[in-house]
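User: Hi! I've got a model open and would like to talk it through with you. Can we begin with the hydrophobic packing?
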Amino acid sequence: MKISKALPLAALASLSLVLAGCGGGAASDSSSTGIQVPDLPTASEVGESEGQVNIIAWAGFVEDGSTNPDADWVSAFEEETKCQVNRKVGATSDEMVQLMRSGEYDLVSASGDASLRLIAGGDVAPINTDLIPNFGNIVDGLKGQVYDTLNGKSYGVPIGRGANVLMYNTDHVAEAPDSWAPLWEEDTDYAGKTMAYDSPIYIADAAVYLMATQPDLGITSPYALDEEQLAAAVELLKTQNGLVGEYWNDALKAVSSISSGTVHMGSGWQVIVNLAQGDGGKVESVLPKEGATGWSDTWMIAAESKNPNCAYKWMDYASSAEVNAQISQNFGMAPANALACEGSEANTAHCETFHATDEEYYKQVWMWTTPVEQCVDGRTDVTCTNYQDWTKAWTEIKG
Amino acid sequence: MAVIQETPSPPAPGASQAHPRNSPGDRLSRMLYARPKARLAGLLLLPLGWLGVLYIGSLILLFITAFWTTDSFTSKVIPAFTLENFIEIITVPAYQQTALRTIGIALAVTVLCAALALPLGLYMAKVASPRMRAALAIGITLPLWAGYLVKVFSWRITFSSGGPLDWLLAPLGMTGPGYGTAALIVTLAYLWFPYMAVPVYNAFRQIPDSLFDASADLGAKAWSTVWTVAVPLLKPAFVAGSIFTFSLSLGDYIAAQFVGGKTQVIGTVIASNINLNPPLAAAFGTVPIIVVVLYLFLARKSGALKQL
């Protein structure tokens with residue numbers, strides 16, 4: 001009897017929600033015609049501190065010494081600006097996007113696969129770079145990129161970048177490889193002993209390999225795939241699915257696999273290689289000749305930030321040479337501020353390892369960008385596949 | 001005269017106890033005594049509110065979300081009715097295979113747990129000394145004391161190449177299965193074994209020894225006694241245990257990520273869609289619900305639900 005009473009109520013509730021949804025149809029239509037960006041105001045000045053700032057960041061980006069006593073650049077900021085920093089560590093780009101939509105955060109350290117979604121969704125506001133004096137020292141290669149600049153407006157303050165390298169365990173791979181082929185080709189010597197990144201964005205890695213091996217497909221950017229090109233990438237990834245031992249999406253899991261030799265070779269981040277080496281694992285990395293995908297992170301400010309003054313203060317503070325050097329060394333990436341490569345031997349050595357100012361190196365690296373229907377390579381005669389198509393394809397690839 | 005008039009007014013010691021009859025609590029209890037329906041409502045208001053609003057309510061919300069769609073670009077949820085998510089789950093081979101694979105894994109875990117619980121329960125209930133019985137009971141429930149992630153990660157190490165399992169099997173000229181479906185089944189069976197072993201052991205204890213004696217007197221061998229006497233009596237316990245092992249295996253995804261290698265299960269598909277396409281994740285989330293409801297329906301026929 002209780003159920004029979006509850007059912008009409010539930011039906012009524014869902015009906016009203018459906019009706020409410022009819023108005024939302026227009027918004028979805030507009031997104032299919034191109035990147036429509038909500039017009040949001042930009043801050044004009046930095047005023048008094050609000051007393052706090054809420055940040056979603058990758059692990060290691062916002063440290064107050066509680067995880068590692070040597071990593072602390074938050075305390076000085078809090079003292080200097082009277083802005084208390086509340087940090088939330090995000091595990092994946094998708095989670096960060098979801099958290100930013102909760103409206104409870106002022107800043108996010110967005111990677112390129114998240115940033116266009118945040119911009120188009122009206123979740124982040126354009127940035128007034130005049131209010132960030134340190135913006136001027138950002139390396140050229142990171143300014144005005146497709147994933148954080150739209151219609152001439154800048155939405156992100158670069159933090160750092162890195163490449164998705166080929167890592168291998170020297171116990172099992174004697175000779176340094178120079179190609180991604182062992183990860184993709186059916187006749188590989190490492191069947192069952194390879195590892196791939198577990199995310200739809202990994203489809204771009206297949207596209208990078210196809211750019212080099214199947215030029216007939218006409219791929220000019222791994223993030224602008226029409227249906228035919230996506231199908232070719234999916235085909236390649238399905239072949240790979242038969243060859244990989246496992247997929248990873250947790251960096252520590254990747255460290256344990258490559259370090260122990262359970263996996264002989266795989267796609268990974270430089271920081272994984274460093275951690276594995278730190279544990280005594282015989283792990284090396286290389287940027288193969290076909291090029292690679294990579295990522296670049298930027299600070300983005302929430303469109304409805306409750307603490308914009310503290311947020312701007314943080315963006316400037318974190319972009320200063322010293323702090324940017326600390327963040328990038330703690331995380332294991334190339335710093336965004338060119339001056340972060342100077343001042344000490346450690347800084348110079350770090351930038352050397354991560355090719356921080358080596359634009360030739362990063363020319364081979366395709367930075368993560370959200371795939372959208374409007375092809376980011378500039379083609380207008382076709383519709384490209386979007387990230388949701390990629391997500392569906394990814395499920396299919398993994399079977 | 002004055003004395004006589006005054007005697008009733010100072011309250012007697014007994015009367016002072018009876019006096020709070022008019023306190024709010026007392027009036028409430030009288031009111032509840034008079035109205036059985038209000039009494040029942042008062043008793044059940046809190047648990048039913050919890051069950052209905054939060055517990056079932058979130059399930060209903062999930063079900064409603066499954067009919068919505070997401071903006072393909074911003075991946076924001078758009079509340080507009082569509083059956084697309086369900087059609088996709090039914091028509092895309094990858095989803096079908098994932099669902100079937102997960103059900104297969106859950107059944108394998110259940111069978112493995114049952115196969116281990118039968119001899120162990122028999123030994124504990126009928127053969128072991130009290131001291132041994134206590135030691136085994138602790139052994140079975142021991143894993144429940146440790147953190148889930150710790151247990152899963154230690155299985156990850158166990159199955160790693162050159163790890164403890166490979167080392168154990170090396171003298172036999174064998175190697176472990178490595179990460180994959182087999183490792184996943186073993187890990188899940190480990191995680192959920194107590195939920196099978198405890199009801200089976202309890203059921204064994206409730207079988208009178210005289211039944212075994214009678215069976216032996218009638219000439220039955222040990223195994224035919226087990227199969228013809230014990231197992232039918234244990235059936236409800238096995239079904240009750242299997243509800244736990246089966247439904248818990250169906251929903252797990254962390255173990256799959258750590259020891260499953262590239263094995264995709266319902267949980268991992270939901271996890272990979274939960275941020276990008278929540279309606280699809282919600283729609284896929286109804287698959288285990290439907291499977292478990294069907295399972296419970298079958299279990300009810302066996303009378304096992306009375307054991308819970």
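User: Which residues have the most contacts inside the largest nonpolar core?
Analyst: Those are Phe61(A), Ile203(A), Trp299(A) and Trp314(A), in a core of 121 residues. Keep in mind that this is a predicted model.

User: Okay, what is Trp314(A) in contact with, leaving aside its neighbours within four places in sequence?
Analyst: Quite a list: Trp314(A) touches the aromatic residues Phe61(A), Trp73(A), Phe77(A) and Trp299(A). Its other partners are Ile55(A), Val62(A), Val74(A), Val85(A) and Leu107(A).
Analyst: Apart from that core lies another one of 40 residues, with Val152(B), Phe159(B), Val200(B) and Val231(B) among them.

User: Switching topic: how many helices and strands does chain A have?
Analyst: Chain A has 15 helices and 14 strands. Its radius of gyration is 22 Å and the globule rule gives 21 Å for 399 residues, so chain A is as compact as a globular protein of that length. Along the principal axes, its C-alpha atoms fill a box of roughly 60 × 60 × 50 Å.

User: What share of chain A counts as buried?
Analyst: That would be 54% of its 399 residues. As for the accessible surface, it comes to about 16300 Å², and carbon and sulfur atoms make up 50% of that.

User: And the contacts with a separation of 6 or more, what part comes from residues 24 or more positions apart?
Analyst: In chain A, such pairs account for 74% of those contacts.

User: Last one, on electrostatics: how many positive and negative charges are there in chain A?
Analyst: There are 21 positive and 55 negative charges, and their mean positions lie 9 Å apart.

Technical notes
Residues are numbered from 1 along each chain as its sequence is written. Chains are lettered from A and ligands numbered from 1 in the order in which they are written. This is a predicted model: local features need pLDDT of at least 70, side-chain atom pairs count only at pLDDT 80 or more; totals for chains, interfaces and linings use all residues. Side-chain values use heavy atoms; hydrogens and water are left out. Helices (H or I, at least four residues) and strands (E, at least two) are DSSP runs, numbered from the N terminus. The radius of gyration is taken over C-alpha atoms; the globule rule is 2.2 Å times the number of residues to the power 0.38. Buried means under 20% relative accessible area, exposed over 50%, partly exposed in between (1.4 Å probe, protein chains only). Contact means heavy atoms within 4.5 Å. Accessible areas come from the Shrake-Rupley method with a 1.4 Å probe; for residues, only the protein chains shown count as cover. Lys and Arg count as positive and Asp and Glu as negative; His and the chain ends are not counted. The place of a charge is taken as NZ of Lys, CZ of Arg, CG of Asp or CD of Glu. A nonpolar core is a set of buried Ala, Val, Leu, Ile, Met, Phe, Trp, Tyr and Cys residues joined through side-chain atoms within 4.5 Å.
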